[in-house]
Amino acid sequence: MAVWRQEPEVEPAAVGMDAAAIEALADRFSEATARGELYGGAQLAVYRGGRLVLDIGGGIARRR
């Protein structure tokens, strides 16, 4: 399944988050999407202090 990822508003380190942990989360999301474990599709957004750190999604709109 296709996975897309938007550019973050801010880098994780700039808001006190571990960049490696955010990458690991994005990798796990991508792997689960590829295995079809997230229903037809899913989206994940992570914010810290009101600023977007991660925006990733994948899957299909309609599954038949």
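**Exercise 1. Find which residues make up the largest nonpolar core, and which elements supply them.**

Start with the residues: Val 10, Val 15, Ile 22, Ala 26, Phe 29, Val 46, Val 53, Leu 54 and Ile 56 form the largest nonpolar core, nine residues in all. A nonpolar core here is a set of buried Ala, Val, Leu, Ile, Met, Phe, Trp, Tyr and Cys residues joined through side-chain atoms within 4.5 Å. Next, the elements: α1 (19-34) and β3 (51-59) are the ones that give two or more residues to this core. Helices (H or I, at least four residues) and strands (E, at least two) are DSSP runs, numbered from the N terminus. As background, nonpolar side chains tend to be buried together in soluble globular proteins.

A quick word on the ground rules. This is a predicted model, with local features needing pLDDT of at least 70 and side-chain atom pairs counting only at pLDDT 80 or more, while totals for chains, interfaces and linings use all residues. Residues are numbered from 1 along each chain as its sequence is written, and side-chain values use heavy atoms, with hydrogens and water left out.

**Exercise 2. Take Leu 54 and list what it is in contact with, leaving aside neighbours within four places in sequence.**

Contact means heavy atoms within 4.5 Å. On that basis Leu 54 meets Ile 22, Ala 26 and Val 46, and its list also includes Arg 5, Leu 25, Leu 44 and Ala 45. Now check back with the core: Ile 22, Ala 26 and Val 46 are among its members, as is Leu 54.

**Exercise 3. Lay out the order of the elements and work out how the strands pair.**

First, count: there are one helix and three strands. From the N terminus on, they run β-α-β-β.

Then the pairing, which needs at least two DSSP bridges between two strands:

- β2 (residues 41-48) and β3 are antiparallel over eight bridges.
- β1 and β3 are antiparallel too, over three bridges.

Now pick out partners. Gly 58 in β3 has Ala 42 opposite, and Val 3 also stands opposite Gly 58. Leu 44 has Ile 56 of β3 as its bridge partner.

Last, look at the turn: the hairpin of β2 and β3 has two residues between the strands, and Gly 49 there takes a positive phi near 60°.

**Exercise 4. Explain why β3 counts as largely enclosed, then look at Gly 57.**

Buried means under 20% relative accessible area, exposed over 50%, and partly exposed in between (1.4 Å probe, protein chains only). Seven of the nine residues of β3 are buried, so the strand is largely enclosed by the rest of the structure.

Gly 57 lies in this strand. Its relative accessibility is 0%, so Gly 57 counts as buried. Leaving aside neighbours within four places in sequence, Gly 57 is in contact with Ala 2, Val 3, Trp 4, Phe 29, Ala 42 and Gln 43. Of these, Phe 29 is one of the core residues.

**Exercise 5. Decide whether Met 1 and Glu 11 are buried, partly exposed or exposed.**

Met 1 sits in the segment before β1. At 43% relative accessibility, Met 1 counts as partly exposed. Not counting residues up to four places away, Met 1 touches Thr 33, Tyr 39, Gly 40, Gly 59 and Ile 60. Its C-alpha is 5.3 Å from that of Ala 34, although the two are 33 residues apart along the chain.

Glu 11 is in the loop between β1 (3-5) and α1. Glu 11 counts as exposed because its relative accessibility is 52%. From Glu 11 to Ile 22, 11 residues apart in sequence, the C-alpha distance is 9.9 Å.

**Exercise 6. Put numbers on the protein as a whole.**

Begin with the box: the C-alpha atoms fill roughly 40 × 20 × 15 Å along the principal axes. Buried residues are 27% of the 64 in the protein. Finally, of the contacts with a separation of 6 or more, 60% are between residues 24 or more positions apart.
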